[in-house]
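Reader: I would like to learn how to read the features of a model such as this one. Could we go through them one by one?

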Amino acid sequence: MIKIANTLQEIHFNGEGIALIELAERKICIIKKGNDLYACTASCPHASGNLSEGYIDDLGNIVCPIHQYKFCLKNGRHLGGEDYFLKTYPIKNKKDGIFLII
């Protein structure tokens with residue numbers, strides 16, 4: 001478990017609720033949707049688009065900016081039926097900070 005911030009306010013989310021961080025040479029998106037936090041790799045498994053430049057749709061899926069591939073933030077499944085899976089990470093917002101489980 002790696003502490004990524006002391007508070008949610010320390011994470012710089014863009015207008016879509018997506019923040020890009022780098023941990024152990026990995027680029028990871030942290031997503032805030034309502035009161036929920038999600039984390040996933042920043043690289044789209046289809047064409048390596050930077051998911052931090054994408055958006056979150058109304059159903060809470062992350063959408064790649066290149067080909068609009070949609071991925072479920074809960075399980076990483078591609079919603080178009082193809083065999084692409086987005087690596088997701090558990091994230092915990094606790095009293096003593098925000099932690100990513102890698």
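Reader: Is Glu25 buried or exposed, and at what relative accessibility?

Author: This is a predicted model, and in it Glu25 has a relative accessibility of 77%, which is over the 50% cut-off, so the residue counts as exposed. Glu25 belongs to the loop between strand 2 and strand 3.

Reader: What should one look for in the backbone of such a loop?

Author: Most residues other than glycine have a negative phi. Glu25 departs from this with a positive phi of about 65°, although it is not a glycine. Ala24, also not a glycine, has a positive phi of about 50°, and Ala24 too lies in the loop between strand 2 and strand 3 (26-33). With a relative accessible area of 66%, Ala24 is exposed.

Reader: Which strands make up the sheet that contains strand 2, and in what order do they stand?

Author: Strands in a sheet pair through backbone hydrogen bonds, and the pairing may be parallel or antiparallel. Here four strands form an open sheet with the order 2-3-4-8, and the pairing is antiparallel. Strand 2 (18-23) and strand 8 (88-89) stand at the edges with a single partner strand each, so one side of each has no neighbour in the sheet. Strand 8 runs antiparallel to strand 4 (residues 36-41), and two bridges join them; as for individual residues, Ala39 has Tyr89 in strand 8 as its bridge partner.

Reader: How is the sheet of three strands arranged?

Author: That open sheet has the order 5-6-7, again with antiparallel pairing. Its edges are strand 5 (55-56) and strand 7 (70-72), each of which has a single partner strand, so that one side of each is left without a neighbour in the sheet. Three bridges join strand 6 (residues 61-63) to strand 7, and Val63 stands opposite Lys70 in strand 7.

Reader: Which residues have the most contacts inside the largest nonpolar core?

Author: The largest nonpolar core has 15 residues, and those with the most contacts inside it are Cys29, Ile31, Cys40, Leu51, Ile62 and Leu73. Strand 3 and strand 4 each supply at least two residues of this core. Apart from it lies another core, of 12 residues, which includes Ala5, Ile30, Leu37 and Tyr89. To look at one residue in detail, and leaving aside those up to four places away in sequence, Ile62 touches a set of residues including Ile18, Ile31, Cys40, Leu51, Phe71, Leu73 and Leu86.

Reader: Where does His78 lie, and what does its side chain reach?

Author: His78 is in the loop between strand 7 and strand 8, yet its relative accessibility is 6%, under the 20% cut-off, so it counts as buried. Its side chain reaches the backbone nitrogen of Glu82 at 3.3 Å. When residues up to four places away in sequence are not counted, His78 touches Tyr69, Lys70, Phe71 and Tyr84.

Reader: How many residues apart along the chain are Lys95 and Thr7, and what separates their C-alpha atoms?

Author: Separation along the chain and separation in space are worth reading side by side. Lys95 and Thr7 are 88 residues apart along the chain, while their C-alpha atoms are separated by 8.7 Å. Lys95 is found in the loop between strand 9 (91-94) and strand 10 (97-100), and at 90% relative accessibility Lys95 counts as exposed.

How values were computed
Residues numbered from 1 in each chain as written. Predicted model: local features only at pLDDT ≥ 70, side-chain atom pairs only at ≥ 80, totals over all residues. Heavy atoms only, no water. Pairing = 2+ DSSP bridges. Buried < 20%, exposed > 50% of the residue type's maximum accessible area, 1.4 Å probe, protein only. Polar contact = N/O pair within 3.5 Å; in protein donor to acceptor, adjacent residues only side chain to side chain. Contact = heavy atoms within 4.5 Å. Core = buried A, V, L, I, M, F, W, Y, C linked by side-chain atoms within 4.5 Å.
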